[in-house]
Amino acid sequence: MASLATAALACERTLRAIGARHPDLRAAVVTLYRHPAGDRRGHYAPTRWTTNSRDLAPASTTPTTLDEIHLDAILLAEGPASILQTLLHEAAHSIARGRGLQDVSRDARYHNRTFARLATEVGLAIATAPGVGCITPALLPGTALRYADQINDLRDTLTLANNAATAAASA
């Protein structure tokens, strides 16, 4: 049976693989739904969740906060490379927070040079766009190869696509 939970688990496995390569990646919950505004492929939100799970905070008896990495469900129709690209983009924001770096403007609308450096570090190509600063239009050569197991896992697992994506493609 196709399940959004199955898709979210595959995205979580991919995020863990990113974290294995980038130890500054903060612990996060992956959320997957169709954003009503339709203008975001992903979003990073620090300390959005709380857990008391011993698996996530074994030395602690107090609740631990977790960040949120949101992926828009439209990515399910675009395929594994788009999901990886968006997870890496949001991971760059998480790494910036973990290192105490300012990677966006005060209103969080403009990606700065720090973000560009971190995005390149995680395997993303960089371009500039008026009004938003640095964007991440593609994976760098070699990134897909580095994450080939995760791309294959996503391809094998993702059997669901949001109808909004299908409708937009045929319009």
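# A tour of the fold

From the N terminus on, the elements run α-β-β-β-α-α-α-β-β-α-α-α. That comes to seven helices and five strands. The model on screen is predicted.

**Whole protein.** Start with everything selected. The protein has 171 residues, and 42% of them are buried. Colour by atom type on a surface view. The accessible surface comes to about 9,300 Å², and carbon and sulfur atoms hold 53% of it. Now consider the contacts with a separation of 6 or more. Residues 24 or more positions apart account for 54% of these.

**The sheet.** Select 28-33, 42-51 and 64-72. These are strand E1, strand E2 and strand E3. In which order do the three strands lie in the sheet? The order is E1-E3-E2, the sheet is open, and the pairing is mixed. E1 and E2 are the edge strands, each pairing on one side only. Look along the sheet to judge its twist. Neighbouring strands are turned by 30° against each other on average, direction ignored.

**E1 beside E3.** Keep 28-33 and 64-72 and hide the rest. The two strands run parallel, joined by six bridges. Then pick out Leu32 and Leu71. Leu32 stands opposite Leu71, a residue of E3.

**Helices on the sheet.** Bring back the sheet and add residues 4-21. This is helix H1, which lies across E1 and E3. H1 runs at about 140° to E1. Next, add residues 80-99. This is helix H3, lying across E2 and E3. Its angle to E2 is about 60°.

**H1 against H6.** Hide the sheet, keep H1, and select 148-157 for helix H6. How do the axes of H1 and H6 cross? They come within 9 Å and cross at roughly 180°. Angles over 145 degrees count as roughly antiparallel, so H1 is roughly antiparallel to H6.

Show side chains for the contact residues:

- On H1, take Thr6, Ala10, Cys11, Arg13, Thr14 and Ala17.
- On H6, take Gln150, Asp153, Leu154 and Thr157.

Colour this set by residue class. The contact of H1 with H6 has four nonpolar, four polar and two charged residues.

**Last view.** Show H1, H3, H6 and the sheet together. H1 lies across E1 and E3, while H3 lies across E2 and E3. H6 is in contact with H1 through residues that include Leu154.

Technical notes: Residues are numbered from 1 along each chain as its sequence is written. This is a predicted model: local features need pLDDT of at least 70, side-chain atom pairs count only at pLDDT 80 or more; totals for chains, interfaces and linings use all residues. Side-chain values use heavy atoms; hydrogens and water are left out. Two strands pair if DSSP finds at least two bridges between them. Helices (H or I, at least four residues) and strands (E, at least two) are DSSP runs, numbered from the N terminus. Axes are lines fitted to C-alpha atoms, for helices over the stretch in contact, and angles run from 0 to 180 degrees between N-to-C directions. Contact means heavy atoms within 4.5 Å. Angles under 35 degrees count as roughly parallel, over 145 as roughly antiparallel, 65 to 115 as roughly perpendicular and the rest as oblique. Ala, Val, Leu, Ile, Met, Phe, Trp, Tyr, Cys and Pro count as nonpolar, Asp, Glu, Lys and Arg as charged, and the others, Gly among them, as polar. Buried means under 20% relative accessible area, exposed over 50%, partly exposed in between (1.4 Å probe, protein chains only). Accessible areas come from the Shrake-Rupley method with a 1.4 Å probe; for residues, only the protein chains shown count as cover.
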